[in-house]
Amino acid sequence: MIREDKNAIINISVSFDGTWQKRGFTSHYGIGVCIDILTGLVVDFEVLSSYCHTCTLRECARRDSKCTQEEFEEWRETHVDCAKNFLGSSKAMEQEAAKRMWGRSVYRHQLRYTEMLSDGDSAAFKEVVALNPYPEHEVVKLECINHAHKRMGTALRKLSAERKLGGKGQGKLTAKKCKALQNFYRGAVLNNQGSLDIMKAEIWAGLLHSMSSDDNLMHTRCNPSWCWYRRAEEGGQIPESHRLHAGNFLSREVGQKLIPIYHRMSSDSLLKRMQHGGTQNCNECLNSVIWARCPKTVFVGKSRVEAAASMAISTLNEGASAMLAVMEKLWLQSTLVTVNAMKDIDVIRIAKANCVQSASAKRRRKSASTAKKVKRHQQEMEEGPTYGAGMDM
Ligand SMILES: [Zn+2]
Ligand SMILES: [Zn+2]
């Protein structure tokens, strides 16, 4: 990032996410990470620990009367490198990390994180708003498109199960149709960045398209890029009968029941928060790299978690070659073999990423994922309830 004025404070949009060493909010360690949405670089991170092994050992000794209270207090005053830097619960770590990073962004990095991309009902965002870190600049929340896409799918499947809208027969809200509606929604949001009205119109068009039949055509708002009917019309052909596309057909009764969900998921405030077109994929990817370097299944100390986070972040920001600078600081001399090996790792990583990003690879993954989900749903329907709380053994 180049500043024309070295003292200037820059406003940036960041994606913030928290990750824990263990699931179920029992973890002693949590990490909060801020990634600049524009560059994809990590701008700050914070490791929180609610555990110190040295303190625990000393407290055990005091309990077992191996040392007196005075001796313990005396030792505590000299214990300056305590690993415990957070006293709250594991669940509250994410918001604490956000508070610390927003609180220091100006003096440490000369940056204001004025737009925050985070989970749906993020407690961290509320904490940042309450902190009011930049009195003359409001912090605005952005929505992750992937989270909104997931919420749409969850709402549709929940409605289908609660109101019994699924099952066999024409016009039902099956798992496949939920998936199709979810994808129409995501497409409408992604393809219409910068135009809130068109985005909203296309979200509703997805529902109307799915409710269309030969007797009740509702394709006027559809986009030929995803609507077979409009595509045929634009190509000067007579569109096929809707019966040939019955896989996506929803009956009028079922479609009307979805209207409240569509109202909620196309509200102006939600769509405005998705105008950046970004996702939290980068955070999720980084989280997996961190925990690959620091196993979740074994006990580790805070320094191990910090090392894993630092190494993963250095690699994300600068590639494997970042390790050469670390080696230099540790007085380890890197040979030409090491330098070339690091460069090779980076070249292979970039080539792999380009391959994964290719359109054909994306199409392959998408169709494989849809087929897997449909198969799983069919199996579950055929098997009936097999496992759940309160079931007889
Ligand atoms: Zn300690
Ligand atoms: Zn259509």
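**Exercise 1. Is Trp75 buried or exposed, and what relative accessible area does Trp75 have?**

*Solution.* The model in front of you is predicted, and the values used in these exercises are computed from it.
Step 1: the relative accessible area of Trp75 is 13%.
Step 2: a residue counts as buried when this value is under 20%, and Trp75 is therefore buried.
Step 3: look for a ring beside Trp75; the ring centre of Phe72 lies 5.8 Å from that of Trp75, and because the two planes stand at 40 degrees, the pair is classed as tilted.
Step 4: place the pair in the fold; Phe72 and Trp75 both belong to helix H2 (residues 69-78), where three residues, about one turn of the helix, separate them.
Step 5: complete the picture with Phe72, which is buried as well, with a relative accessible area of 1%.

**Exercise 2. Describe the pair formed by the rings of Tyr51 and Phe299, and find where each residue lies in the chain.**

*Solution.*
Step 1: the structure holds seven aromatic pairs, and in this one the centres of the rings of Tyr51 and Phe299 are 5.6 Å apart.
Step 2: the planes of the two rings meet at 85 degrees, and since an angle over 60 degrees counts as edge-to-face, the pair of Tyr51 and Phe299 is edge-to-face.
Step 3: Tyr51 sits in the loop between strand E3 (42-49) and helix H1 (53-63), while Phe299 sits in the loop between helix H12 (281-292) and helix H13 (302-318), so that the pair links distant parts of the chain, 248 residues apart.
Step 4: compare the accessibilities; Tyr51, at 15%, counts as buried, whereas Phe299, at 53%, counts as exposed.
Step 5: for a further aromatic group, turn to Phe16, Trp102 and Tyr113, which form one cluster.

**Exercise 3. Which atoms hold the zinc ion (ligand 1), and what is the geometry of its site?**

*Solution.*
Step 1: the protein donors are the SG atoms of Cys52, Cys55 and Cys82 together with NE2 of His79, and they lie 2.1 to 2.3 Å from the ion.
Step 2: the angles among the four donor atoms run from 107 to 113 degrees.
Step 3: for four donors to count as tetrahedral, all angles must lie between 85 and 135 degrees, and the site of the zinc ion (ligand 1) is indeed tetrahedral.
Step 4: as background, the ideal angle for four tetrahedral donors is 109.5 degrees.
Step 5: along the chain, the donors of this ion follow the spacing C-x2-C-x23-H-x2-C.
Step 6: consider two of the donor residues, for which His79 is buried, with a relative accessible area of 13%, while Cys82 is partly exposed, at 26%.

**Exercise 4. Repeat the analysis for the zinc ion (ligand 2): what are its donors, angles and spacing?**

*Solution.*
Step 1: the protein donors of this ion are His209 and His219, each through ND1, and Cys222 and Cys227, each through SG, at distances of 2.0 to 2.3 Å.
Step 2: the four donor atoms make angles of 100 to 117 degrees, and the site of the zinc ion (ligand 2) is tetrahedral.
Step 3: the spacing along the chain reads H-x9-H-x2-C-x4-C.
Step 4: both cysteine donors, Cys222 and Cys227, are buried.

**Exercise 5. Which elements contribute to the lining of the second largest pocket, and what classes of residue are found there?**

*Solution.*
Step 1: the second largest pocket holds about 260 Å³ of space, and its lining includes Lys176, Asn183, Arg363 and Thr370.
Step 2: the elements that give two or more residues to this lining are helix H6 (175-191) and helix H16 (359-383).
Step 3: the largest share, six residues, comes from H16.
Step 4: sorted by class, the lining has two nonpolar, three polar and five charged residues.

**Exercise 6. What is the phi of Asn132 and of Trp331, and where do these residues lie?**

*Solution.*
Step 1: recall that most residues other than glycine have a negative phi.
Step 2: Asn132, although not a glycine, has a positive phi of about 50 degrees, and Asn132 lies in the loop between helix H4 (123-131) and strand E5 (140-143).
Step 3: Trp331, also not a glycine, has a positive phi of about 65 degrees, and Trp331 is found in the loop between helix H14 (322-329) and helix H15 (336-357).
Step 4: Asn132 is partly exposed, with a relative accessible area of 44%, whereas Trp331 is exposed, at 82%.

Note on methods: Residues numbered from 1 in each chain as written. Chains lettered and ligands numbered in written order. Predicted model: local features only at pLDDT ≥ 70, side-chain atom pairs only at ≥ 80, totals over all residues. Heavy atoms only, no water. Donors = N, O, S within 2.8 Å, 3.2 Å for Na, K, Ca; no water. Tetrahedral: all angles 85-135°; square planar, octahedral: opposite > 155°, others 65-115°. Buried < 20%, exposed > 50% of the residue type's maximum accessible area, 1.4 Å probe, protein only. 1 Å grid on protein atoms, 1.4 Å probe; cavity = no way out; pocket = protein on both sides within 12 Å on 5 of 7 lines; lining within 4 Å. Points joined across faces, edges and corners; volume = space filled by probe spheres on them. Helix = DSSP H or I, 4+ residues; strand = E, 2+ residues; numbered from the N terminus. Nonpolar A, V, L, I, M, F, W, Y, C, P; charged D, E, K, R; others polar. Phe/Tyr/Trp six-rings, centres within 6.5 Å; stacked < 30°, edge-to-face > 60°.
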